[in-house]
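Subject: A structure for you to explore

Hi there,

Here is the structure I promised to pass on. Have a look around it, and then read my notes below.

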Amino acid sequence: MHIHILGICGTFMGSLALLARELGHRVTGSDKGVYPPMSTQLAAHGIDAGHGFDEANLDPRPDLVIIGNAMSRGNVEVEAVLNQRIPYTSGPQWLADNVLRERRVLAVAGTHGKTTTASMLAWILEQAGLAPGFLIGGIPRNLGVSARAGSSGDVFVIEADEYDTAFFDKRSKFVHYLPEVAVLNNLEFDHADIFTDLAAIERQFHHLVRLVPGNGQLVVADNEPALSRVLDMGAWSPIARFGRTDQAQWQLGDGVDDQQFVVRAPEGEVVVRWAMSGEHNRRNALAAMAAASAVGVTLEQSAAALATFASPRRRQELRGSVNDIQVIDDFAHHPTAIAMTLEGLRAVTPRGRLIAVIEPRSNTMKLGTMKARLPDSVASADEVYWYQPAALGWSVLEVAQACPVPAHVMTTTEQLIEALVEQARPEDRIVIMSNGGFDNVHERLLNALEQRYGQTADIDG
């Protein structure tokens, strides 16, 4: 079958393309404004995409078009699909019909940490010998690709997003997945472009909970009022809570340093030693261990897997260093995620400065919904550079003026890179946070540092 994917370079749709290709289909696609790592992953698998939208992309006529949720009426290819009566479906529906129906699905949901937690869970299952299928909204470095079909009947890990499915299906993506195990990591307001308030998102999470079977498992974070309200609407599956409270069956304890922690579970206790940092990542790991336990993985197997876990691409990813100045890439684009990322990096930055560079790019950010929370989100940094995108409907100057640390506003990426090169010193860590390509600032900054210091960047693998 010839499948054409609209919005193919999005993290979900690009992963879908890999699955369709693995299942033997001919895959083509369209997108614009593409950037790594998804664009390079598709190219490495022989899938040509990213040349913009044009009706000519539908010639020869595909057997099926999968339409991404970023597509809307008025898009030239969407209009051509409708006018030519080409069969079409959404990504989540295609996934449910062609991949998930015969699998034991483990879904990871939550406002923050979905990609990292799903990557941890897939790696734990892989190391335990379960050879899972998976679809993750990023590229797990341990596994090398963002998606793999796996075998019929086997477990399948999916990052379960509450964003809407398509312009013709406004339900959240995750209601299509019918999980046996559902992880509810956290919940707060986001996606202001489609949800009016937190209550609307809670209702969607309730719809997910309603689909978990009675012999399945809900893995739910403790001390999360919004998740408690979701469960109060009704829950029909066993609940395993995780966190630090006495009510949690899976409890997190401190180790001797930031890169070690203790897990106390119904089956016993284990110490995890790993290369990650931050409370948010320890909680992500705890959730992944609890979910893995639901399909028979032991504490010892989980701990051994986490000892070799590497963060997914664009999640506290070290892109390279020059003259002992590190450039780190992170996907954080919500005040809570920004704060957690900086807190985690602060704990493992004993010397030098932690410099934050932030592009407010997400749909929620563009609406200014989170504006008031942004100044406090950077408290763990030593200095912050705010970028003012042309498409942003409000000025970041007020945010910069309210920051508790020295803050600067940059209106071009050239200006930003010049300032960073001028100010950076050995042992500094520059963490660049955006949910987009950010005009390739990471590579350009490394190149500029190379030129200044006459050194070749030490590139992280």
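To start with a small puzzle: the charged end of which residue sits over the ring of Phe-12? That residue is Lys-173, and its charged end is 4.6 Å from the centre of the ring. Please keep in mind while you look that this is a predicted model.

**The overall layout**

The protein chain has three parts: domain 1 covers 2-86, domain 2 covers 94-307, and domain 3 covers 317-455. Taken over C-alpha atoms, the centres of domain 1 and domain 3 are 32 Å apart.

**What lies inside**

In soluble globular proteins, nonpolar side chains tend to be buried together. Here the largest nonpolar core contains 120 residues, and Leu-95, Trp-250 and Trp-386 have the most contacts inside it. Helix α8, residues 279-293, is the top contributor to this core, giving eight residues. A separate core of 23 residues lies apart from it, and its members include Leu-416, Leu-420, Phe-438 and Leu-449.

You may wonder about cysteines too. A disulfide is a covalent bond between the sulfur atoms of two cysteines. The count of disulfides in this model is zero. Two cysteines you can look up are Cys-9, which counts as buried because its relative accessibility of 14% is under 20%, and Cys-403, which is buried as well, at 12%.

**Aromatic rings**

A pair of aromatic rings is described by the distance of the centres and the angle of the planes. The model has five aromatic pairs. One of them joins Phe-167 and Phe-168: their centres are 5.0 Å apart with 90° between the planes, an edge-to-face arrangement. Both residues fall in the middle class for exposure, since Phe-167 is partly exposed at 23% relative accessibility and Phe-168 is partly exposed at 33%.

Tyr-387 and Phe-438 make another pair, with ring centres 5.2 Å apart; their planes meet at 45°, so this pair is tilted. It links distant parts of the chain, as the two residues are 51 residues apart: Tyr-387 belongs to strand β20 (residues 383-387), while Phe-438 is in the loop between β22 (429-433) and α15 (441-453). Are these two residues buried or exposed? Tyr-387 and Phe-438 are both buried.

Going back to the phenylalanines, Phe-167 and Phe-168 also belong to one aromatic cluster together with Tyr-88.

**A stretch marked in UniProt**

An unreviewed UniProt entry lists Gly-110, Thr-111, His-112, Gly-113, Lys-114, Thr-115 and Thr-116 under "binding site". Of these, Thr-111 can be found in the loop between β5 (104-109) and α5 (114-127). Thr-111 is buried, with a relative accessibility of 9%.

His-112, from the same UniProt list, is worth viewing alongside Thr-336. How many residues apart along the chain are Thr-336 and His-112? They are 224 residues apart, yet 8.1 Å separates their C-alpha atoms. Thr-336 is part of helix α10 (residues 335-347), and its relative accessibility of 17% makes it buried.

For a contrast, try Ala-166 and Phe-156. These two are ten residues apart in sequence, while the C-alpha to C-alpha distance is 23 Å. Ala-166 sits in strand β9 (residues 164-166) and is buried, at 0% relative accessibility.

**Details of the backbone**

Asp-59 and Pro-60 are joined by a cis peptide bond, with omega about 10°. You will find Pro-60 in the loop between α2 (38-44) and β3 (64-67).

Two residues other than glycine have a positive phi that you can check for yourself. Leu-178 has phi near 45°, and it lies in the loop between β10 (169-172) and β11 (181-184). Asn-223 has phi near 55° and lies in the loop between β12 (217-221) and α7 (225-232). Are Leu-178 and Asn-223 buried or exposed? Leu-178 is exposed, with a relative accessible area of 52%, and Asn-223 is exposed too, at 67%.

Enjoy exploring, and write back with any questions!

Best wishes

Technical notes: Residues are numbered from 1 along each chain as its sequence is written. This is a predicted model: local features need pLDDT of at least 70, side-chain atom pairs count only at pLDDT 80 or more; totals for chains, interfaces and linings use all residues. Side-chain values use heavy atoms; hydrogens and water are left out. A nonpolar core is a set of buried Ala, Val, Leu, Ile, Met, Phe, Trp, Tyr and Cys residues joined through side-chain atoms within 4.5 Å. Buried means under 20% relative accessible area, exposed over 50%, partly exposed in between (1.4 Å probe, protein chains only). Helices (H or I, at least four residues) and strands (E, at least two) are DSSP runs, numbered from the N terminus. Domain bounds come from an automatic or database domain assignment. A disulfide is a pair of cysteine sulfur atoms within 2.5 Å. Rings of Phe, Tyr and Trp (its six-membered ring) pair if their centres lie within 6.5 Å; planes under 30 degrees apart count as stacked, over 60 as edge-to-face and the rest as tilted. A charge sits over a ring if NZ of Lys or CZ of Arg is within 6 Å of the ring centre and within 35 degrees of the ring normal. UniProt positions are given in the numbering used here, feature names are shortened, and annotations may be inferred rather than shown by experiment.
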